[in-house]
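Trainee: Could you walk me through this structure and show me how each label is earned?
Mentor: Gladly. Let's have it in front of us.

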Amino acid sequence: MKKILSIVVLGIFILSGFGAGALSNIENNAVFENEYNEINERATHTVLGEYGTATWCGYCRYAHGALKELTAEGQLDFHYITHVYDKNTVSSSYLVSHYNLYGFPTLWWDGGLDVDVGAGSVPTAKSTYTNSINYCGSQSVEDVDIDLTVSFIGETEMKVDCTVTNNEGSTYGGTIQVAICEKVSSRGWTDTGGALYTMTFLDWAFKEPLSISSGGSWSDSMTWDGSSHGYPTVTEENTIVIAAAYNDEKHTGYSYPPNSNPFDAYYVDECVAAEPGAGANEPPNTPSIEGPSKGVPDIEYEFTIAATDPNNDDVSFYVQWGDDQIEEWFGPYNSGEDVLISHTWSETGIYFIKVKARDTEGEESSWKTLTLNIPRPRNSNNVLLNILTERFPNLYTLLIKLLGL
Ligand code: CA
């Protein structure tokens, strides 16, 4: 067992009470790293860092800079969520009630398996965080998968879908927390270096207990509208959603290591992030349908339908002919491929032919409607028309169109 004890000079803002006047600034503090166990070669899961900060905290810019640089370098498997204490009351109450916050900056790794308080410079913070991420990532965790998607359904409204699958041989107990974040704060929340905060927490999509039987899964879906939560400036391009599954095994963590500000720590088993657009599935576009708009009874008419899918997924179709007959989900066909369908109506009338498309992920398009008029013939004794009807249905359709019958 290797024990690393690093004593570093750090600057920390202490939080002693909730009024700004009660906050004080302490320097020259010694912070002890957590005891390190043997580190495995490979990471077992993606690590989550929850970053507690404030816009007025002088040393927080070093922690922020370190997180940004580590992300940009892309060598470590982790995500981070920035909780801006003085700007978001959901964040401040979470940091205080869940983590028994001591001061800023603080990084809680994997739910409190490791805690780093203070930051003296960007390079020292990077070094400290690298050790913490490697340490947390190498721990054995329970085998759960998180499937997370987010898609925009309005100007500031998004839909978040989350599924947690338990691959263990026994029931999985824990908590799922899904955070809606901005890649870069659109609210002007900056560190004292003037940099807009990144991966900035706005609100929870989900924060729910999990109890999943072996081989089973938990799923939920929700919509969240930025405008109705005080964030009218959220955009699809700037949104990132981060999910983590926390195990229900309770440990004691310390928000001022090694032994101050204790809290109940539930370690992270898995963490994923999702962005709208590229990674997320979108439903097929509204299909097109082409064919005659007028006809006669008992003649088979052909229509060409097609639907493109933004993700180039194959598409299936569902058709209502308007006469109580339907074609249930047939296909799949390539995205954009022309598909020929035909139907015969036995009665005169006005029919609304409706078609919708579905992609391989099960997402459905809007309906497309084509109106078909099968009028009562003005002269049902017209021999010529009857012959044409029998032998040349397409010509007859054309004739009807030309004559405006
Ligand atoms: Ca699709």
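Trainee: Why is Lys126 called buried or exposed, whichever applies?
Mentor: Lys126 has 16% relative accessibility. Buried means under 20% relative accessible area, exposed over 50%, and partly exposed in between (1.4 Å probe, protein chains only). So Lys126 counts as buried. Before we go on, keep in mind that this is a predicted model, in which local features need pLDDT of at least 70 and side-chain atom pairs count only at pLDDT 80 or more, while totals for chains, interfaces and linings use all residues. Residues are numbered from 1 along each chain as its sequence is written, and side-chain values use heavy atoms, with hydrogens and water left out.

Trainee: What makes the contact between Glu69 and Lys126 a salt bridge?
Mentor: The closest N and O atoms of Glu69 and Lys126 are 2.9 Å apart. A salt bridge is a side-chain nitrogen of Lys or Arg within 4 Å of a carboxyl oxygen of Asp or Glu, so the pair qualifies. Glu69 lies in helix H1 (residues 60–73) and Lys126 in helix H3 (residues 122–137), so the bridge ties together parts that are 57 residues apart in sequence. Helices (H or I, at least four residues) and strands (E, at least two) are DSSP runs, numbered from the N terminus.

Trainee: Which residue in helix H1 also pairs with Lys126?
Mentor: That is Glu73, whose salt bridge with Lys126 is 2.5 Å, N to O. Glu73 has a relative accessible area of 41%, so this residue is partly exposed. Glu69, at 35%, counts as partly exposed too.

Trainee: How many salt bridges does a search of the whole structure find?
Mentor: The search finds 6. Among them is the one between Asp161 and Lys159, with the closest N and O atoms 2.9 Å apart. Asp161 is partly exposed at 22%, and Lys159 is partly exposed at 25%. Elsewhere, salt bridges that share partners join Glu69, Glu73 and Lys126 into one network.

Trainee: How do you know that strands S17 and S18 pair?
Mentor: Two strands pair if DSSP finds at least two bridges between them. S17 (residues 315–320) and S18 are joined by 4 bridges and run antiparallel, so they pair. Val315 stands opposite Tyr333 in S18.

Trainee: What makes S18 an edge strand?
Mentor: The open sheet has 4 strands in the order S18-S17-S20-S21, with antiparallel pairing. S18 (326–333) and S21 (368–374) each have a single partner strand, so one side of each is left without a neighbour in the sheet.
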